[in-house]
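Here are my notes for you as you turn the model around on your screen. Take them one point at a time and try to find each part as you read.

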Amino acid sequence: MSLTNCRFYEDKYPEVDSYVMVNVKQIAEMGAYVKLLEYDNIDGMILLSELSRRRIRSIQKLIRIGRNEVVIVLRVDKEKGKTTTVNWRRVSPEDVIKCEERYNKSKAVHSIMRHVAEATQTPLETLYETIGWPLDRKYGHSHDAFKISITNPSVWEDISFPSEPVKKEIQQYISSKLTPHPTKVRADIEVTCFGYDGIDAVKDALRTAEADNTPENQIKVKLVAPPLYVLASQCLDKKHGIQMLEEAIVKIGERIKANGGNCTVKMAPKAVTEHDDAILQELMEKRERENMQVSGDENDSESDEGVPE
């Protein structure tokens, strides 16, 4: 058994009419020679007649060497150990998406398995036989099982690991590679109210954004410089985080309008990068320096900040 090479799936060969990912290796008069990436690079061929129903003047305009393509399997020659014919033209966009999703998940699993194989000097096929393929059978795909295992160790209860070092290595590596990282989401808003109790009204409106905070889902309101405020949150689900900020903006708008004020969205809720955070921090520090340079009554300046307490 090879330490680093093995097919992705338990079946040695793909089923006829199944969709597979191939890499184009060579183009000849009869068609294109390909390697089946999910099946340990066994050989395949796309016949010229399978590339297009129309007359082809240049195969290179249809298919290129080095590219990955989704194809459908037409015939399999198990005795010779290769897929003799695959069809490229009959693949729909929906089938391409499904095949690419499966391939990307399988490739991620393969990367984990190869790392464990090299780290523990265990043949790759042994890891698939004892870990990957049993999880495929139980969970539909071992990648899904790996992700579940991060929070639910019972995934491993029925797995017979080849050795204790393998068990330790794969669990630690999966935790480091597949544990989701929080996404930062942010929205910029201007909140104004020019009534007699305008400052208190702004504070009261902004507090509604944090009213429903829980340990798992929290929104923080930060002052940039009146009337500009930032709503920020960190969450594992980006869509949920954006939805939280959208709902918070609606609440702020309703509360401040009830008091004769206004809420304007300057930047709609979105995921932000560290670079975005750095720009925001620089802006806040600039505003703070400007405020420090302004002479006047300190108590008055504090009351103008409008930061929720």
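1. First, a bit of vocabulary. An axis here is a line fitted to the C-alpha atoms, for a helix over the stretch in contact, and angles between N-to-C directions run from 0 to 180 degrees. Also keep in mind that this is a predicted model.

2. Now look at two helices. Helix α2 (residues 93-120) packs against helix α4 (residues 142-149) at an angle of about 65°, and their axes are 8 Å apart. On the α2 side, K105, A108, V109, I112 and M113 make the contact, while α4 brings in S142, H143, D144 and F146. Sort the residues of this contact by class and you get 5 nonpolar, 2 polar and 2 charged.

3. Next, the sheet. In which order do the strands of the open sheet run? Its 4 strands go β7-β8-β6-β9, with antiparallel pairing. The edges belong to β7 (220-225) and β9 (262-271); each has a single partner strand, so one side of each has no neighbour in the sheet. From one strand to the next, the twist averages 20°.

4. Zoom in on one pair of strands. Strand β6 (residues 183-192) and strand β8 (residues 228-235) are antiparallel partners over 8 bridges. If you want a spot to click on, A187 has L231 in β8 as its bridge partner.

5. Two helices pack on this sheet. Helix α6 (residues 198-207) touches β6, β7 and β8, and its direction makes about 155° with that of β6. Helix α7 (residues 238-258) touches β6, β8 and β9, and its direction makes about 175° with that of β9.

6. What about empty space inside? The structure holds 1 cavity of 30 Å³ or more, and the largest cavity has a volume of about 40 Å³. Its lining is made by F8, Y9, S106, V109, Y128, D136, H141 and S142. Helices α2 and α3 (124-139) are the elements that give two or more residues to that lining. By class, the lining has 4 nonpolar, 3 polar and 1 charged residues. You've met V109 and S142 already: they also take part in the contact of α2 with α4.

7. Last, a word on confidence. The protein's mean pLDDT is 87, and 89% of its residues reach 70 or more. Which element has the lowest mean pLDDT, and which the highest? Helix α9 (residues 298-303) has the lowest, at 44, and α3 has the highest, at 97. Over residues 297-306 the pLDDT is below 50, and beyond near neighbours in sequence this stretch has 10 contacts in the model.

Definitions and conventions: Residues numbered from 1 in each chain as written. Predicted model: local features only at pLDDT ≥ 70, side-chain atom pairs only at ≥ 80, totals over all residues. Heavy atoms only, no water. Contact = heavy atoms within 4.5 Å. Nonpolar A, V, L, I, M, F, W, Y, C, P; charged D, E, K, R; others polar. Pairing = 2+ DSSP bridges. 1 Å grid on protein atoms, 1.4 Å probe; cavity = no way out; pocket = protein on both sides within 12 Å on 5 of 7 lines; lining within 4 Å. Points joined across faces, edges and corners; volume = space filled by probe spheres on them. pLDDT = per-residue confidence, 0-100.
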